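Trainee: Please pick one part of this model and take me through it closely, starting with the overall picture and ending with what surrounds that part.

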Amino acid sequence: MDWKQAWSTTANTTNSALDSLTPVCVPFAVRWDLEADRRNKLRTPEHLKALMGAQKEHNAARSTLSTAKSQKLTARAASNNPFAAGRRAARVASKAAARHERDTRAKLKAARVNYPSTLKARAIQAHALHAVPTVVTSVVMSASHLTLWPAATSAALIGANVAGLALGRRKLRVVVDESVSLEERQLMERLDPSYWVEHAPDRGLSGTVTTPPAMEPGGIRCEIRLDGTWTVKTLADKADSVRALLGARTALRIRITSASRGGWAVVTLATRSAAAGVSSLWTPDRIPSDPLMMSLALDTETGDEVLIPFDERLLVSGASGTGKSWSFRPLMATAHLRGDLLLIEGEEANIWEHSCRVAVERDEITDAVDEAHAEMNRRKVDMKQRGISVWDGRQLTVVVDEGQVILALITKDKDRLQRLIELSSLGRSRGVVLWWATQYPLTDGGAPGVHKLIAPNLLTRFSLRVAGTTQAQVALDDCAHYAPHQIPDGREYRGHGYLKGYGPRMLRTWTLDDAGVRALPKSIWTPDQASGGQSPRALHLVKDTPAPSGAASNRDKVLAAVQSGARTAKDVADATGLNKGTVSREIKALTASGALHRTADGRLLPGQQAA
C-alpha cells in the first residue's frame, strides 16, 4: 500500500468535508465572536468601578434590611398592640429598608449588564451547570448497571460547542483557477463565506450566507443561503448592497435568481461570456435538421445554442443601434431557404430585393398585404377540400420591418389594417406566418410600433435593448422583469438580448452581413406561383464543389424507398438511414410536387400509382 498516497487522499477528503461544513458553522462563530467582542468592550475600568460600588451599596442595603426585619420581630414580641408606636415605627423602617434593597438590586443588575462576564466564562458556567448534575445522575443510575448517557450527552454538547467554533473560524481553501482575471479573483474572495458573513451586516445583508463560488463559462456563480425572513425577491431588491459588498464595477451584470431548493438564491456575475470564442457569423449550416425549429442565438452563460419555433409568429424589438436588422437577417434567411419570404420593409429591402419578394413603396406594401391575405384564404379553401387542419406545404413568411412605418402607412386604411390583423391571428395554421420587428415596441400613442390587436398574437418574443420599462413590457410581455432596457449601451452588446420564457439569461444572436444576403439564391414569391398547386423545391446555396456523379440525393432516396414499398415516414427512415427531420422535409416537398401522394389514412404512394 502506498501510505503517502493514502495519507494525501485522506487529507484531501477530510479537508473537503470540513470545507462543506464550514459555511454551516460560520453564522454561529460570527455571532459568538460578535457577542464576545461586545462584552469585552463593555469591561472598562469605569464600568468595573460602578459595579463594585453597586455591589457595596447592595450589600449594605441587604444588611440594613436584615436589621430592620430583626427590629420588626423584636417590636412585635414586645407589644401585642399592632398600633403601638414601636411596632409602627419598626414596620415603616422595614418597608423603607426593603424599598432601598430593591433599588440597589436593580442598580446592581444594570451594573452587571454594563460590565458583563466574558462569554467564555459564561459558557463554562452554563456547561458546568449542566455537566455536574448529569455526572451525578450517571453515577447514581450506574449503581446496578452501566448507564453513562447523561454524562455522554453533556460531553457531546461541550464538544459540539467547541467544534462549531473551530469550524466556523476555519479559513476555507478558496481554490481559484490560475486563468481567472484579477477582478474575478477579488470577487471570488469576497464571495467566500468567511469574508461575506463578517461584512454582510455592514451592508444590511445579515442573515445571508454564501457557499464557495464557482467559475463557469458565463462567469462566477455562487449560492446564498437565506435565513430568517429573507426571500429571493428581498435579496434581489438589495442588489445594490450586494454590488457594494463585492466592490463590483457598475457595468458588471449581477443576476439574482432562485436556486433549485427553497431558502436559497443564486447570484451570477457576468465577468465573461460563454459565446466569446464562437463566431457570430451565420451560415446555412446553422439551420437545424428539425424543420420546425430555427437557430436564434447562443446562451452567453452556458454556450448552448438556443432554438425557437420556425412556424410561430414572432416579435423582435430593439432600439436603433442595437443590431436588430443584423440579428433578424439569419431568421429571414432561414425562412427564405425553407420556404417563401415576403419582406415589407424600408432600407433593408435594398439588399434583399434580388433574393425575395420585397415591398417598399406604399402601393407595393398595400398590394403585398392584399396578396398575402388572399393566399391565406386560398389555402383555407385548399385545406377544406383536402380535409386537413394544418397546412402541409411551403411556409410563406411575411416579415414586417419597421412596424411603426408600416402602421403609419395603413392605419387609416381600415380594410388593409384588418387584413394584417387577420394574418397575425389566422395565418399560422394556413402556413402564412407573420414576423414583426420594430424599434418602438409600443401599442398606444400616436405612433405605435405594433398594433394592439396584433401584439397578443406574437407569442415568440425576442428583445434587444429598448428605451424603457414601457417598451420592455410590450417587448417581453410577462417576462419584462428580464429588464432589456438595462442592457448596457455599448458596441460589444449589439445583438445581445432576452428571449421570452427562456429565463433572464442574455443571448447573443447570429449575424448575417450584406455579402451573405447577396449570396442567397433567388426565389421571388408571387400569388400565381402559389396558386399553381405545386410548391417549388427547397432552396439551397450553390456550392463551388459539385456533388460526385451518380450520388443519389436525399429526395431521390426517399422517392426510391416509397416506390420500393415503404408506406410510412418511419419505413422510409429505416430504409434510407436518414434522420426523421430530413425524411419529413423531403416527403413534404415530394408531396407538393406531385411525385408522392398521401392517402386519407396517412399512407404514402408514388404519384403514378396514386393516379
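**From the whole chain to one strand and its surroundings**

Mentor: Among the chain's contacts between residues at least 6 apart in sequence, 65% join residues at least 24 apart, a contact meaning heavy atoms within 4.5 Å. Keep in mind that this is a predicted model, so local features need pLDDT of at least 70 and side-chain atom pairs count only at pLDDT 80 or more, while totals for chains, interfaces and linings use all residues. Residues are numbered from 1 along each chain as its sequence is written, and side-chain values use heavy atoms, with hydrogens and water left out.

The chain has 21 helices and 17 strands; these are DSSP runs numbered from the N terminus, with helices being H or I over at least four residues and strands E over at least two. Of its 611 residues, 42% count as buried. Buried here is under 20% relative accessible area, exposed is over 50%, and partly exposed is in between (1.4 Å probe, protein chains only). On confidence, the mean pLDDT is 84, and 88% of residues reach 70 or more; pLDDT is the predictor's confidence in each residue, from 0 to 100. Residues 531-538 fall below 50, yet that stretch has 14 contacts in the model beyond near neighbours in sequence. Residues 542-550 are also below 50, and there the count of such contacts is zero.

Now for the part I'd pick: strand β5, residues 264-269. Six of its six residues are buried. Trp264, Val266 and Thr268 point one way, while Ala265, Val267 and Leu269 point the other. So who are its strand partners? Strand β3 (residues 219-226) runs antiparallel to β5 and is joined to it by six bridges; strands count as paired if DSSP finds at least two bridges between them. In that pairing, Glu223 has Val266 as its bridge partner. Strand β4 (residues 254-258) is also antiparallel to β5, over five bridges, and Ile256 stands opposite Val267. β4 and β5 make a hairpin with five residues in between, and Gly263 in that turn has a positive phi of about 80°.

Helix α9 (residues 239-246) belongs in this picture too. Its buried residues pack against β4 and β5, as well as α6 (182-191), α7 (193-199) and α8 (232-237). Those buried residues are Ser241, Val242, Arg243, Leu245 and Leu246. As a reminder, an α-helix has 3.6 residues a turn, so residues three or four places apart point the same way. Right after α9 comes Gly247, with a positive phi near 70°.

For a second view, go along the chain to helix α15 (residues 469-476). Gln471, Ala472, Val474, Ala475 and Leu476 are buried there, and their cover includes β8 (314-317), β13 (460-463) and β14 (496-499). Asp477 follows α15 with a positive phi near 60°. Ser463 is in strand β13 and counts as buried because its relative accessibility is 0%. Leaving out residues up to four places away in sequence, Ser463 touches Ser317, Ala475, Leu476, Pro484, Gly497 and Tyr498.

Tyr498 leads us to the rings. The structure holds three aromatic pairs: rings of Phe, Tyr and Trp (its six-membered ring) pair if their centres lie within 6.5 Å, with planes under 30 degrees apart called stacked, over 60 edge-to-face and the rest tilted. Phe328 and Trp435 make a tilted pair, 6.4 Å centre to centre with 40° between the planes. Phe328 sits in helix α10 (residues 324-338) and Trp435 in strand β12 (residues 432-438), so this pair ties together parts 107 residues apart in sequence. Phe328 is buried at a relative accessible area of 1%, and Trp435 is buried at 0%. Tyr482 and Tyr498 are tilted as well, at 6.0 Å and 55°. Tyr482 is in the loop between α15 and β14 and Tyr498 is in strand β14, so that pair links parts 16 residues apart in sequence. Both Tyr482 and Tyr498 are buried.

Phe310 joins Phe328 and Trp435 in one aromatic cluster. Arg338 lies over the face of Phe310, 5.0 Å from the ring centre; the test is NZ of Lys or CZ of Arg within 6 Å of the ring centre and within 35 degrees of the ring normal. Arg329 likewise has its charged end over the ring of Trp326, 5.2 Å from the centre.
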